[in-house]
Amino acid sequence: MYLADYHLHSRISPDAGDSMTALAEAAVEAGLDELCFTDHLEPIVWARTELRGPYDWSALTAEFDAARAAMGDRIKLRLGIELGDACWDFAHTEKLLADAPPLDFIIGSVHMLSERYKGLDLYYFDPKTEEEAYDGIADYLGRVKVMAEWGKFDVLGHLTLPLRYLNENRGWNLSMERFGWEITEIFSILKQKGIGLELNTNRGNTPLPDGMWLRLYEDMAADPIVTLGTDAHSAEFVGCAVRERQALLRECGFTSFCTFEGRRPIRHAL
């Protein structure tokens, strides 16, 4: 069984604190074969909606080089990013990416609601009624569709992210079932553009997305590309539930999952 974690954040991200070396050490301890660092890159200032200045790629590459030097051949390390909320300004996002070093992997994701919600981060979205909650989910999926149509990334990250915050943090018991048409449309766009889907292990909580949507994606995709990532923001969660989520993929009909090198998928049998 080949084990890889393709979504985690080091101290280069504003919401995490461990070094890439510490994360890689945790990955070796967890028995992983491969790790891809995916620190945050957004076209806007963190937690606000105005455009950010140039990204400090040198800090990212220096951190990565230090981890590779420390780990040697104990684990395969890849360099990626989580490209969040590019839909706020695609042109500025592309300008930021133009200065990037060679990357192995890019996750495209959405964390913020639209202008209607003043760019509110889903973490702080606190609806008072179920319908308000579903209105927010609909808004989020609209942003995901726009992001997918742009499509300059490798996999779509944590598709059902609102459920992490609404159910786990806010105590709701919501599902995405009423949004089958919207999610089918998003999967159709991914298929057309050759973009894959992330199975986010959610650090051992409800997978994002769960089996219902994984089966739909597997059924729709001619040659499904799926990665596994924990979304770890600290060493303790590196590799969490990766084995269990490989089993879920098998149950949903997948025969392989992917890692990446130079933005190209590499398949591993499940």
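## Exercises on a predicted model

At 77% relative accessibility, D73 counts as exposed. The model used in these exercises is predicted.

**Exercise 1. Place D73 in the chain, then find how far its C-alpha atom lies from that of D89.**

Step 1. Locate D73. The residue sits in the loop between α2 and β3.

Step 2. Check its accessibility. The value is 77%, and the cut-off for exposed is over 50%. D73 therefore counts as exposed.

Step 3. Go to D89. The two residues are 16 apart along the chain, and 39 Å separates their C-alpha atoms.

**Exercise 2. Decide whether the protein is as compact as a globular protein of its length.**

Step 1. Count the elements. There are eight helices and nine strands.

Step 2. Compare the radii. The radius of gyration is 17 Å, and the globule rule gives 18 Å for 270 residues; the two are close, so the protein is as compact as a globular protein of that length.

Step 3. Add the dimensions. The C-alpha trace spans about 50 × 45 × 35 Å along its principal axes.

Step 4. Look at burial and contacts. Of the 270 residues, 55% are buried. Take the contacts between residues at least 6 apart in sequence: 75% of them join residues at least 24 apart.

Step 5. Turn to the surface. About 11,300 Å² is exposed, with 47% supplied by carbon and sulfur atoms.

Step 6. Finish with charge. The protein has 27 positive and 44 negative charges, and their mean positions are 2 Å apart.

**Exercise 3. Work out how the buried residues of α1 are arranged around the helix axis, and name elements that cover them.**

Step 1. List the buried residues. In α1, residues 20-29, they are M20, L23, A24, A26 and A27.

Step 2. View them down the axis. They fall within an arc of 160 degrees, so they line one face of α1.

Step 3. Recall helix geometry. An α-helix has 3.6 residues a turn, so residues three or four places apart point the same way.

Step 4. Find the cover. It includes β2 (34-41), α2 (57-71) and β3 (76-84).

Step 5. Follow the chain out of the helix. Just after α1, G31 has a positive phi of about 85 degrees.

**Exercise 4. Determine whether R143 is buried or exposed, and list the residues it touches.**

Step 1. Place the residue. R143 belongs to helix α4, residues 130-150.

Step 2. Apply the cut-off. Buried means under 20%. R143 has 10% relative accessibility and so counts as buried.

Step 3. List the contacts. Leaving out residues up to four places away in sequence, R143 touches C87, W88, V110, M112, L113, S114 and E115.

**Exercise 5. Examine the backbone at P209, N202 and R263, and say where each residue lies.**

Step 1. Start with P209. The peptide bond from L208 to P209 is cis, with omega near 0 degrees. P209 lies in the loop between β6 (196-200) and α7 (211-220).

Step 2. Move to N202. This residue is also in the loop between β6 and α7. Its phi is positive, about 55 degrees, although N202 is not a glycine. Its relative accessible area is 1%, so N202 is buried.

Step 3. End with R263. The loop between β8 (256-261) and β9 (264-269) holds this residue. R263 is not a glycine, yet its phi is positive at about 70 degrees. With 34% relative accessibility, R263 counts as partly exposed.

Technical notes:
Residues numbered from 1 in each chain as written. Predicted model: local features only at pLDDT ≥ 70, side-chain atom pairs only at ≥ 80, totals over all residues. Heavy atoms only, no water. Helix = DSSP H or I, 4+ residues; strand = E, 2+ residues; numbered from the N terminus. Rg over C-alpha atoms; globule rule 2.2 N^0.38 Å. Buried < 20%, exposed > 50% of the residue type's maximum accessible area, 1.4 Å probe, protein only. Contact = heavy atoms within 4.5 Å. Areas by Shrake-Rupley, 256 points an atom, 1.4 Å probe, with all protein chains shown as cover. Lys, Arg positive; Asp, Glu negative; His and termini not counted. Charge placed at Lys NZ, Arg CZ, Asp CG, Glu CD. Arc of directions from axis to C-beta.
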